[in-house]
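Colleague: Could you take a close look at one part of this model for me, and walk me through what sits around it? I'd like one connected answer rather than a list.

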Amino acid sequence: MLGARYKKALEVREKKAKEARVKRFVNKRSKMHWGMYELESGEQMECTYTTVNITVNHVTALVDITYRYKCSSKSAEYYFPMCEVGNLKSMSVTWKQGSASTPLEVMTGSLYEQTDDGITRPWVPENEPEQDDDETKSLLGSWFGSSPPPPKKEKEKRFFYFFGTSPGLTSLEVDRDIIVNVQYVTKCKTERAKYEDKDLIVFYQPLTIFSHSPNRWNIRFEMPDFIRRIRPRLTSQKLWADITGKRASVHLQDDYRLPLEDEAVVLLIELGEPIEPRCADPVALFIFATFIGLMLWFSLTKDLH
């Protein structure tokens, strides 16, 4: 009875937590831009395929994302929400429209901010950003070589974007795919493990920068010490880690797609001696094997008596 009541209460809590995540996600997405948009109508172009390659080397993560968009207009504008990716150190954006042999070219762009009324405009140092965190300071510092002025006390989250301005975006070929590749480097955080005297490396990958759950993930870790364990902070995410010494790879379970309403994938990396599988007591194994043998002997010989 108590077990059933606990299980039901757990299901109710998980349902409420999921509903809260979905509500928060929908509210956030309604305010931000991401991806390729038709210039005249403002309609978002369909993203048909997304590949994500991530390499985490100790506390530095290199993220390589390739988007494929179905071109539905001769002119477009591109937004990448830089404010979502965490402690951003560097970023590059390349793109192309053409055959597989067509090389990617650098997409020129500038830093845009989004005002409270939803309008985006070029960010200039005189405009004080209202976000007081290391991620924004690092982001703006990488573009302007210095940190922004001190934020106001009363603040609301601001959105900052890489806004593509390449001339080729105004002379597109309709119904031909557009490929955009975004590479950026972020710094992982560390935090103290709950109930344990150890530090964890925290890798953060936002899901709000995708139009749909990515089709392919490739996540690798290379650490200076043995990797003891890797687990997602959100236990409902069906991920598993293949750990070999100081290297590891993280995979999604078969036929599982990460729901965007989770907002992010947060992986907790614990370093230390590997967790060795423990063998059962040899005496207990002998007793168990003897018991099984006797049961089989009695079942086979009972008809002979």
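Modeller: S15 and S16 make a hairpin with two residues between them, and glycine 245 in that turn has a positive phi of about 65°. Bear in mind that this is a predicted model. The two arms, S15 (residues 239-244) and S16, run antiparallel and are joined by six bridges. If you want one pair to click on, take aspartate 242, whose bridge partner in S16 is serine 249.

S16 has another partner too. Strand S13 (residues 216-222) is joined to S16 (residues 247-252) by four bridges, again in an antiparallel arrangement. Here phenylalanine 221 is the residue to pick, with alanine 248 as its bridge partner in S16. As a reminder for reading side chains along such strands, they alternate between the two faces of the sheet when the strand is regular.

Now follow the chain out of S16. Aspartate 262 sits in the loop between S16 and strand S17 (264-271). Is aspartate 262 buried or exposed? Its relative accessibility is 9%, so with the cut-off for buried at under 20% it counts as buried. What does aspartate 262 touch, once you leave aside its neighbours within four places in sequence? The answer is Arg21, Leu207, Leu234 and Gln237.

Two of those names, Arg21 and Leu234, take us to the second largest pocket, since they come up again in its lining. That lining has 16 residues, and the ones nearest the centre of the pocket are Glu14, Lys18, Arg21, Leu234 and Ser236. By class, the lining breaks down into nine charged, five nonpolar and two polar residues. The volume of this pocket comes out at about 330 Å³.

For another buried acid in a loop, try glutamate 84, which lies between strand S4 (76-81) and strand S5 (88-96). Its relative accessible area is 3%, so glutamate 84 is buried. The C-alpha atom of glutamate 84 is 9.3 Å from that of tyrosine 161, although 77 residues separate the two along the chain.

One last check before you set up the cysteines: how many disulfides turn up in a search of the whole structure? Zero. As for where individual cysteines sit, cysteine 47 is buried at a relative accessible area of 9%, and cysteine 71 is buried as well, at 1% relative accessibility.

Conventions. Residues are numbered from 1 along each chain as its sequence is written. This is a predicted model: local features need pLDDT of at least 70, side-chain atom pairs count only at pLDDT 80 or more; totals for chains, interfaces and linings use all residues. Side-chain values use heavy atoms; hydrogens and water are left out. On a 1 Å grid over the protein atoms alone, a cavity is a set of points where a 1.4 Å probe fits but cannot get out, and a pocket is an open set with protein on both sides within 12 Å along at least five of seven lines; lining residues have an atom within 4 Å of a point. Grid points are joined across faces, edges and corners, and a volume is the space filled by probe spheres set on the points. Ala, Val, Leu, Ile, Met, Phe, Trp, Tyr, Cys and Pro count as nonpolar, Asp, Glu, Lys and Arg as charged, and the others, Gly among them, as polar. A disulfide is a pair of cysteine sulfur atoms within 2.5 Å. Buried means under 20% relative accessible area, exposed over 50%, partly exposed in between (1.4 Å probe, protein chains only). Two strands pair if DSSP finds at least two bridges between them. Contact means heavy atoms within 4.5 Å.
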